Amino acid sequence: MEKHHPFWKKNASFQYTYCFGLGVMSMGHMKSIMETQDFFEDILKAIRLPESQWQQIFFDLNNHFEEWIDKVFALLRGKEEQYCFTLDLYRILSHTVWSREYCSAVLEDYLQVFQFSHAERAFFQEFDKCMRTQDEQGAIEAVQKFSEEGYSIRYDFLTWFYPQFYMEKRYQGMRIRDGETVILDCPTIIRGDIEVDKGGSLLIYGADMQMDGRVIVRGGRLQADHGHIEITECTSDYWLSIEGAAVVMLTDTSVDCKEKCGLLEQKTGYLLVNDCWVRQTAGARAISFEGDAIRIHNTHFSRCMNGMVSIQGGASAEIVNCEFQEGIAEYGGAVYADTIHDVLLEHCTFRSCQAKYLAAAVYFKFQKLGQRVEDCQCIDCDPPENVFFNIL
């Protein structure tokens, strides 16, 4: 399976400028071109830079260097960008023999511009050595020491550079208080509940996560991107209970509730769910929402034993390009709406959804304007009549 670069979702301007910066090492000298071109092109593919721009890098290196190198330095002001960029430089450097002196000088020039501390320089040198010698334990110790010295680096950067690297974290529950931020970005096992107070932040970035417990957000911030979450036990109807939050975002994340609970209940604010997978919920609908507005795009729900989505109170909803498979409920096997505001379902597919009484797919409690089901289809849903109920 082709591996994505950590910055593959960045915009086109970021990607070109970032790749130009790497091109200074890979394409700035004839010997380095000969030794590193194939690997450099692998990076361009992984970051999803269009092939039409690959030769443009070489052209700009030779004709507009000063203009573009200034843009590179402006782009690489943050530690996150600098750390990933430095790992990519080390990856290019590892492919050199005859051009090693030139490429090492380029690396040193960048490190001076970044003003890396002795601890930062030492970490990258040690982690590079561990990758080259396949010393996984040494790599873990280097990351732990780096953390103890007050630094942090994203786990997906480390596994991009060193694919065999693996480091697991374990927590016995936690409470995230005002001003605190917890980032989960590596294999993680949690026993107990996570509580997020107002002013606290829980960020799930790329974590493979197993949890025996639930997450309670009381006015704090929650965001998940590229996570893989399994709920092994849960003492509540929902894994996520959200109150007082402004915006909750789930992107490119899969959650398997193992028939222990529903995914989330949110009573305030906005919920944005994009490109997600929600599996095996039970005991409650996968999502119960009564905040301001919910938007679910490109998301797949499967095997939800009490239905998928409930929209209540004064919430408006937009559900587009989603698939609902094997949803079972008394009313509305997939979607149940009891709201005074508009609800749109568009380009959705309902497969093998069931209602005990009425509306195998979508149930609107009241018939009103603003409730729209457009270009949706039902396949093997039961009962087959009135799969969309109360549509004008």
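Starting with the secondary structure, the protein chain you see here, which is a predicted model, comes to nine helices and 30 strands. Taken along the principal axes, the C-alpha atoms of this chain fill a box of roughly 75 × 45 × 30 Å.

Turning to the arrangement of the strands, there is an open sheet of 10 strands with parallel pairing, and its order runs S2-S5-S8-S11-S14-S17-S20-S23-S27-S30. At the edges of that sheet stand strand S2, residues 174-176, and strand S30, residues 388-389, and because each of these has a single partner strand, one side of each is left without a neighbour in the sheet.

To take one pairing inside the sheet in detail, strand S14, which covers residues 262-266, pairs with strand S17, residues 287-289, in the parallel sense and over three bridges. Within this pairing, Leu264 has Ile287 in S17 as its bridge partner.

Now to the chain as a whole, beginning with burial and contacts. Of the 392 residues in the protein chain, 51% are buried, and if we consider the contacts with a separation of 6 or more, 56% of them are accounted for by residues 24 or more positions apart.

As for the surface and the charges, the accessible surface of the protein chain comes to about 18100 Å², and carbon and sulfur atoms hold 47% of that area. The chain carries 37 positive and 58 negative charges, and the mean positions of these two sets are 3 Å apart.

Conventions. Residues are numbered from 1 along each chain as its sequence is written. This is a predicted model: local features need pLDDT of at least 70, side-chain atom pairs count only at pLDDT 80 or more; totals for chains, interfaces and linings use all residues. Side-chain values use heavy atoms; hydrogens and water are left out. Helices (H or I, at least four residues) and strands (E, at least two) are DSSP runs, numbered from the N terminus. Buried means under 20% relative accessible area, exposed over 50%, partly exposed in between (1.4 Å probe, protein chains only). Contact means heavy atoms within 4.5 Å. Accessible areas come from the Shrake-Rupley method with a 1.4 Å probe; for residues, only the protein chains shown count as cover. Lys and Arg count as positive and Asp and Glu as negative; His and the chain ends are not counted. The place of a charge is taken as NZ of Lys, CZ of Arg, CG of Asp or CD of Glu. Two strands pair if DSSP finds at least two bridges between them.
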